[in-house]
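Subject: Structure handover

Hello,

Here is the structure I promised to pass on. Please load it first, then read the notes below it.

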Amino acid sequence: MASENTYKNTLNLPQTPFPIRAGLATREPELLEWWKTHKLGAKIEEKQKNCTDTFLLHDGPPYPNGDIHMGHALNKILKDIIVRFHTMSGRKSPFIPGWDCHGLPIETQLIKQLKKEGKADAKSDIVWFREQCKTFALNFVETQKQEFLRLGITGQFEKPYLTLTPSYEASVITQFGKMADNGLIYQGRKPIHWCPSCQTALAEAEIEYDTHRSPSIYVTFDIKTPSPTLQKIIEGPASILVWTTTPWTLPANVALAAHPDFDYLVGKHNNQTYIFVKDLKSTLLEKFGWESFEELGTLKGSDLLETMTQHPFINRHSPLVTADYVTQEDGTGFVHIAPGHGQDDYLVGQKHNLPTIMPVDDEGKFTDEVPWSGMSVFDANKEIGLELENNGHLLKLEFIKHSYPHCWRCKNPVIFRATEQWFVAMDTPMKDKTTLRQKALDTIKSTKWVPDWGEKRIRNMIEGRPDWCISRQRSWGIPIPVFICTACNHPEMTGIFNESAVKLIQEKGTLAWFTTDVQNILPKEATCSKCGAHSFEKETDILDVWFESGASFSAVLNDPLPFPADLYLEGSDQHRGWFQSSLLIGLGAENQSPFRSVLTHGFIVDQNGKKMSKSIGNVISPLKVIKESGADILRWWVASTDFKTDVTVSQDILKQSRDSFSKVRNTLRFLMSNLYDFDQEKDRIPFENLSEIDRWILLKCNALVKEVTSAFETYDFHIITHRIHDFCAVTLSALYLDMVKDRLYCGTTDGHDRRSTQTALHHCFDTLSRLLAPIMVFTSEDAAICFETHSVIPSDIKNSIHLSSLPNFDPSLQDDLLEAKWKQILDIRDRVYQELEKKRQEKVIQRFLEADVCLSLTAPFEYDDWASVLMVGSVTILEGSTLSMTITKTKEEKCDRCWRHLSLEDGLCDRCKTAITNLPKNIQEVTS
């Protein structure tokens with residue numbers, strides 16, 4: 001008998017140059033260079049040129065102020081998967097990346113750098129400073145561009161949109177003019193979020209909420225003149241009890257507010273009369289430690305109208321007014337009104353014609369209107385508390401930790417402060433008689449939101465938002481294009497005035513606004529529409545960066561891409577940021593939303609659910625992951641996550657992604673390794689002539705195409721990776737490939753069974769590699785190249801998988817009867833395997849191939865290769881009333897070549913003798 005090794009060279013063993021180890025960190029840059037050299041992007045554009053079906057994803061611009069982080073990677077990879085899917089589906093789907101190059105993030109980073117260099121004072125030279133900001137931004141644009149390309153992101157990176165280019169800036173000025181012409185732009189003195197550290201106004205989108213420790217004080221306002229109803233109840237001196245966590249706003253107090261429908265209690269403690277909301281009586285008495293309290297009567301909040309109180313430390317009277325926003329959840333049921341320090345207070349002030357007092361400067365310090373001149377308002381809290389304690393108006397002081405608005409950039413607490421700012425009106429009727437708020441709410445209904453809760457979220461924000469403060473007191477940005485009449489102070493911003501600003505900026509950029517005299521911008525015929533004067537000065541504030549980024553559609557979607565976009569995709573925080581600003585500008589300027597659908601992803605968090613932060617030390621850099629493992633690992637991880645909620649990343653999770661990725665890649669490798677001698681044109685077996693098991697796997701592969709395509713359409717990428725991994729690990733590796741290895745390795749090289757299986761393997765490889773191309777952009781390309789050229793990079797880019805189409809679901813491959821039959825076969829296989837494993841444990845057999853199985857089936861169906869399915873020596877089929885089986889150790893000898901136990905001649909079974917006979921003579925001689 002010959003040795004088993006004698007026949008090794010006669011077997012059709014797998015062969016492939018595709019390496020076992022992916023080596024992505026080395027291989028991916030080579031593929032990037034190949035794509036660049038052969039202009040893959042241009043060839044994709046050329047292929048799409050005549051496409052009539054389009055899908056446009058408009059890129060929201062990140063800030064170029066540092067290396068990309070994991071949030072950038074998540075965002076851009078998701079966009080790239082979608083763009084590649086639509087491109088490979090035969091649609092025209094160009095992707096123009098953008099960068100938001102203006103604003104506080106750039107200024108902040110540059111100022112830090114200048115301070116290190118001892119050049120902080122140079123910021124006052126606006127021309128020099130703006131040039132430095134531009135250089136800083138463009139440097140990081142280039143840095144981030146290369147980092148995005150390394151992630152495998154496709155797009156027109158050679159011609160991105162940048163918010164600092166004159167053409168872009170001019171388009172923003174045009175949108176501003178259109179909104180002004182629609183009556184939406186106005187200047188007003190209203191309380192807005194103000195950052196004392198950055199010394200600028202902030203919009204809602206620039207506010208973050210964090211825990212803050214504040215003093216909680218209960219203050220008495222002595223009643224000078226009671227209302228008629230109150231006069232009948234009180235006896236002697238009386239005070240209204242007020243609660244606040246911002247003592248520093250008391251110098252701006254001009255009134256007190258009660259809810260008109262609440263019941264208020266009037267009572268005595270130690271001969272002093274106090275008034276507070278009735279429902280909080282027990283809470284307040286316990287807080288103050290009052291064991292005795294004599295109730296004198298109750299009255300409604302509306303009964304307190306006409307009451308006048310004395311400010312506790314300023315010679316000023318504070319009248320009692322009513323307001324529906326007053327609550328009785330905590331506090332005292334009274335709110336102190338400072339119209340300059342809060343939106344609700346401001347509206348109350350407007351309603352009752354109250355003055356707006358603002359004793360706080362740009363640095364958040366008190367002016368000389370109050371005793372604490374030059375002191376930070378937060379530092380003054382203590383001094384105000386001492387003043388109240390000394391004059392007997394402080395009833396209780398404690399400290400609380402609560403959620404408080406902070407600046408998104410410097411992370412310091414902000415204040416509400418009334419200043420002259422420019423606003424977009426939400427409730428002023430436009431030319432078509434509708435308001436911007438109502439138009440936005442109506443549009444939200446007809447927009448597709450993914451996930452669907454996004455609709456409610458942005459709806460609530462639009463319903464409750466104040467007018468949009470669009471002015472900033474900074475240097476680096478697009479100027480507010482307003483000309484102010486020096487004679488009557490009337491602002492001009494439409495018609496010839498807007499056209500002149502657009503022309504200037506289109507030709508010279510926004511720096512020219514700061515360096516060109518106004519008479520050289522406006523034509524001589526420009527006159528004030530109010531007084532007829534000809535002398536103007538320019539507004540010096542700049543536009544909110546959310547305005548200029550929100551207007552990106554006007555620079556990108558009108559030329560060269562169609563308007564509106566099919567999809568906006570950003571983090572869920574953009575419901576109050578870019579999504580909202582884009583929607584408001586689109587409706588206010590163009591009377592149309594710039595997007596048809598909106599998709600949001602969650603934030604990146606660590607394994608403990610904490611937001612990643614350098615200060616905490618829980619950051620994972622995508623650049624480090626790429627350097628160590630490759631970009632495809634990151635892409636596979638992104639696709640594997642349910643990104644519509646917060647996305648968790650950790651080293652353990654990335655390891656799981658590597659393991660899952662490796663299983664899929666190794667499956668591709670195994671498939672192609674068994675196709676080394678398969679010529680698709682010559683050796684392919686027609687579908688109708690395929691072996692049944694091969695038709696079954698094509699049926700399963702076809703079902704995979706349907707599921708994956710559907711998941712691409714609905715952005716459920718985690719379903720794609722799960723199903724593909726399951727198909728590779730279970731359907732292929734654990735089932736089909738296990739059952740066909742024998743015919744692949746041991747059958748006649750060009751026999752029907754082997755060629756049938758190779759036909760199926762080729763189909764699976766081709767299908768999988770193309771389905772994976774939008775996600776595993778490098779690996780799918782690498783595998784396709786290797787399969788076509790045995791790892792020699794071709795000179796013609798036509799072989800790139802990214803120029804191919806995604807596989808289509810083929811209804812003709814559907815066969816419900818075949819699927820049902822194979823479900824039964826596999827169920828029986830599982831039952832038999834359980835019994836075979838018992839026999840192996842009992843030492844009846846050592847290997848499954850030693851077993852002879854007698855199967856009794858309730859309804860025998862035709863199948864002629866049970867031995868391969870069960871991977872045993874032989875199978876006998878009988879008909880019985882129940883499924884049963886008998887397993888015995890075979891009495892046949894083991895074939896030296898295929899190791900199956902069959903009738904042998906000279907140590908070989910008939911199939912192996914035939915296979916060897918058909919081998920080339922030189923191989924036959926080795927075995928003789």
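Strand 7 (238-244), strand 14 (334-337), helix 9 (343-351), strand 15 (394-407) and strand 16 (415-424) each put at least two residues into the lining of the second largest pocket. Keep in mind that this is a predicted model.

**Second largest pocket**

The volume of this pocket is about 1100 Å³. Its lining has 33 residues, and T245, T246, H341, D344 and D345 are the closest to the centre. Which strand gives the most to the lining of the second largest pocket? Strand 15 does, with 5 residues. By class, the lining splits into 14 nonpolar, 15 polar and 4 charged residues.

**Cavities**

How many cavities of 30 Å³ or more does the structure hold? There are 2.

The largest cavity has a volume of about 90 Å³. It is lined by 14 residues, of which G103, L104, E206, R472 and R474 are the closest to its centre. Helix 4 (104-116), strand 5 (200-202) and strand 23 (542-543) each supply at least two of the lining residues. Strand 5 gives the most, with 3 residues. The lining of the largest cavity has 8 nonpolar, 2 polar and 4 charged residues.

The second largest cavity comes to about 70 Å³. Its lining is made up of A203, E204, A205, R465, W468, D544, W546, R576, G577, Q580 and S581. In classes, that is 4 nonpolar, 3 polar and 4 charged residues.

**A sheet of 3 strands**

Next, an open sheet. Its 3 strands follow the order 21-20-22, and the pairing is antiparallel. Strand 21 (491-492) and strand 22 (536-538) are at the edges; each has a single partner strand, so one side of each has no neighbour in the sheet. In general, strands of a sheet pair through backbone hydrogen bonds, in parallel or antiparallel fashion.

Strand 20 (residues 483-485) is joined to strand 21 by 2 bridges. Here F483 stands opposite E492 of strand 21.

K538 belongs to strand 22. Its C-alpha is 6.2 Å from that of V482, although the two residues are 56 apart in sequence. Which residues does K538 contact, leaving aside its neighbours within four places in sequence? They are V482, F483, W513, F514, T516, V518 and I521.

**Cysteines**

The structure holds 0 disulfides. C728 is in none; its nearest cysteine sulfur belongs to C764 and is 9.1 Å away. Is C728 buried or exposed? Its relative accessibility is 0%, so C728 counts as buried.

Why is C912 not bonded to C909? The sulfur of C909 is the closest cysteine sulfur to that of C912, but the two are 3.6 Å apart, which is too far for a bond. The cut-off for a disulfide is 2.5 Å between the sulfur atoms. C912 also counts as buried, because its relative accessibility is 0%.

**Backbone points to check**

Most residues other than glycine have a negative phi, and most peptide bonds are trans. Three places in this model depart from that pattern.

- V450 to P451: the peptide bond is cis, with omega near -5 degrees. P451 sits in the loop between strand 17 (448-450) and helix 12 (453-464).
- N353: phi is positive, near 60 degrees. N353 is in the loop between helix 9 and helix 10 (377-390). It counts as exposed, because its relative accessibility is 70%.
- D906: phi is positive here too, near 55 degrees. D906 lies in the loop between strand 32 (901-902) and helix 28 (910-917). With a relative accessible area of 64%, D906 is exposed.

Helix 9 comes up twice in these notes. It supplies at least two residues to the lining of the second largest pocket, and the loop that holds N353 lies between helix 9 and helix 10.

That is the handover.

Best regards

Conventions: Residues are numbered from 1 along each chain as its sequence is written. This is a predicted model: local features need pLDDT of at least 70, side-chain atom pairs count only at pLDDT 80 or more; totals for chains, interfaces and linings use all residues. Side-chain values use heavy atoms; hydrogens and water are left out. On a 1 Å grid over the protein atoms alone, a cavity is a set of points where a 1.4 Å probe fits but cannot get out, and a pocket is an open set with protein on both sides within 12 Å along at least five of seven lines; lining residues have an atom within 4 Å of a point. Grid points are joined across faces, edges and corners, and a volume is the space filled by probe spheres set on the points. Helices (H or I, at least four residues) and strands (E, at least two) are DSSP runs, numbered from the N terminus. Ala, Val, Leu, Ile, Met, Phe, Trp, Tyr, Cys and Pro count as nonpolar, Asp, Glu, Lys and Arg as charged, and the others, Gly among them, as polar. Two strands pair if DSSP finds at least two bridges between them. Buried means under 20% relative accessible area, exposed over 50%, partly exposed in between (1.4 Å probe, protein chains only). Contact means heavy atoms within 4.5 Å.
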